[in-house]
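Grab your viewer and a distance tool, and let's work through a few exercises. Try each task before reading its solution.

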Amino acid sequence: MSATSFFAFAFRMKYINRWGLMKNSRYENLTEHSAETAMLAHALAIIGNKIYGKSYDENKIALFALYHDVSEIITGDLPTPVKYFNSDIKNDFHDIEDHARRELLNKLPEELKDAYEDVITENCSDDEKRLIKAADKLSALIKCIEEVKNGNSEFARAHDSSFKSLEAFDDLPEVKYFIDNMLPSFYLTLDEL
């Protein structure tokens, strides 16, 4: 196929289901996850700027978050226990993801590559990457909350593990702010909202 097939590939994100090892009451695809992660990252950036005096580029962070898992169009969603089984597998998989990102970038017309290169290759600051990773973890936690609310005990342990993984972001007060002020409403029913 020609070098202009990037968007045809990107729009296939909807066919990549997440949580492949888990029994889901409702499947979540990569497009949904990416959109939710972008909304969460954007919100965290705004909270950081408005409440904690940070200077995130909110729109850049949302855009980078939207594409944060784009390599999974090629790699698929590798289950977390496999991806992080040991440091060798983790490092090898990061190399595979980097290769997949480059492959996708090469599907863009030459005159557009520079506009997408930083986004596709995740070329942003460490602070921005951490904020996006925190949003990614929040998205996973919210998925777990939804599944447990639907009576799916399969996600109970993943819920606890996801919640615990957010402790790694204790240096980002915007994450704690979101957890304390916004996350509780995800546990409510529609009538309670």
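Throughout, contact means heavy atoms within 4.5 Å. You're working on a predicted model, where local features need pLDDT of at least 70, side-chain atom pairs count only at pLDDT 80 or more, and totals for chains, interfaces and linings use all residues. Residues are numbered from 1 along each chain as its sequence is written, and side-chain values use heavy atoms, with hydrogens and water left out.

**Exercise 1. The core**

Task: Find what L44 is in contact with, leaving aside its neighbours within four places in sequence, and work out which helix gives the most to the largest nonpolar core.

Solution.
- Step 1: The contacts of L44, with those neighbours left aside, are L131, A134, A135, L138, E174, V175 and F178.
- Step 2: Now for the core term. A nonpolar core is a set of buried Ala, Val, Leu, Ile, Met, Phe, Trp, Tyr and Cys residues joined through side-chain atoms within 4.5 Å. Buried means under 20% relative accessible area, exposed over 50%, and partly exposed in between (1.4 Å probe, protein chains only).
- Step 3: The largest such core has 39 residues, and L44 and V175 have the most contacts inside it.
- Step 4: Helices here are DSSP runs (H or I, at least four residues), numbered from the N terminus. At least two core residues come from each of α1 (6–10), α2 (30–52), α3 (58–66), α6 (87–105), α7 (110–120), α8 (126–149) and α10 (173–181).
- Step 5: The top contributor is α8, with eight residues.
- Step 6: Another core, of six residues, lies apart from that one; W19, A140, C144 and A158 are among them.

**Exercise 2. One face of a helix**

Task: Which residues of α10 are buried, and what do they pack against?

Solution.
- Step 1: In α10, the buried residues are E174, V175, F178 and I179.
- Step 2: Look down the axis of α10: these residues fall within an arc of 140 degrees, so they line one face of the helix. The arc is that of the directions from the helix axis to the C-beta atoms.
- Step 3: Their packing partners are α2, α8 and α9 (156–165).

**Exercise 3. Salt bridges**

Task: How many salt bridges does a search of the whole structure find, and where do the partners R101 and E122 lie?

Solution.
- Step 1: A salt bridge is a side-chain nitrogen of Lys or Arg within 4 Å of a carboxyl oxygen of Asp or Glu. The search finds 14 of them.
- Step 2: R101 pairs with E122, with the closest N and O atoms 3.0 Å apart. This pair links distant parts of the chain: R101 sits in helix α6 and E122 in the loop between α7 and α8, 21 residues apart.
- Step 3: Check the burial. R101 is buried at a relative accessible area of 5%, while E122 is partly exposed at 26%.
- Step 4: Now go to α8. D136 forms a salt bridge with K133, the closest N and O atoms being 3.6 Å apart. Both lie in helix α8, three residues apart, about one turn of the helix.
- Step 5: E147 bridges to K143, with a closest N and O distance of 2.6 Å. These two are separated by about one helical turn, because they are four residues apart in helix α8. Both E147 and K143 are buried.
- Step 6: Finally, R18, E28 and D69 are joined into one network by salt bridges that share partners.

**Exercise 4. Sequence versus space**

Task: For T4, Y116 and S71, compare sequence separation with C-alpha distance for the pairs with E110, L105 and L21.

Solution.
- Step 1: T4, in the segment before α1, is 106 residues from E110 in sequence and 8.9 Å from E110 in space, C-alpha to C-alpha. Leaving aside neighbours within four places in sequence, T4 is in contact with K107 and P109.
- Step 2: Y116 lies in helix α7. Y116 and L105 are eleven residues apart in sequence and 7.4 Å apart in space, C-alpha to C-alpha. Not counting residues up to four places away in sequence, Y116 touches F7, Y67, L105 and L108.
- Step 3: S71 is in the loop between α3 and α4 (72–75) and counts as buried at 1% relative accessibility. S71 and L21 are 50 residues apart in sequence and 20 Å apart in space, C-alpha to C-alpha. With residues up to four places away in sequence not counted, S71 touches E97, A100, R101 and L104.
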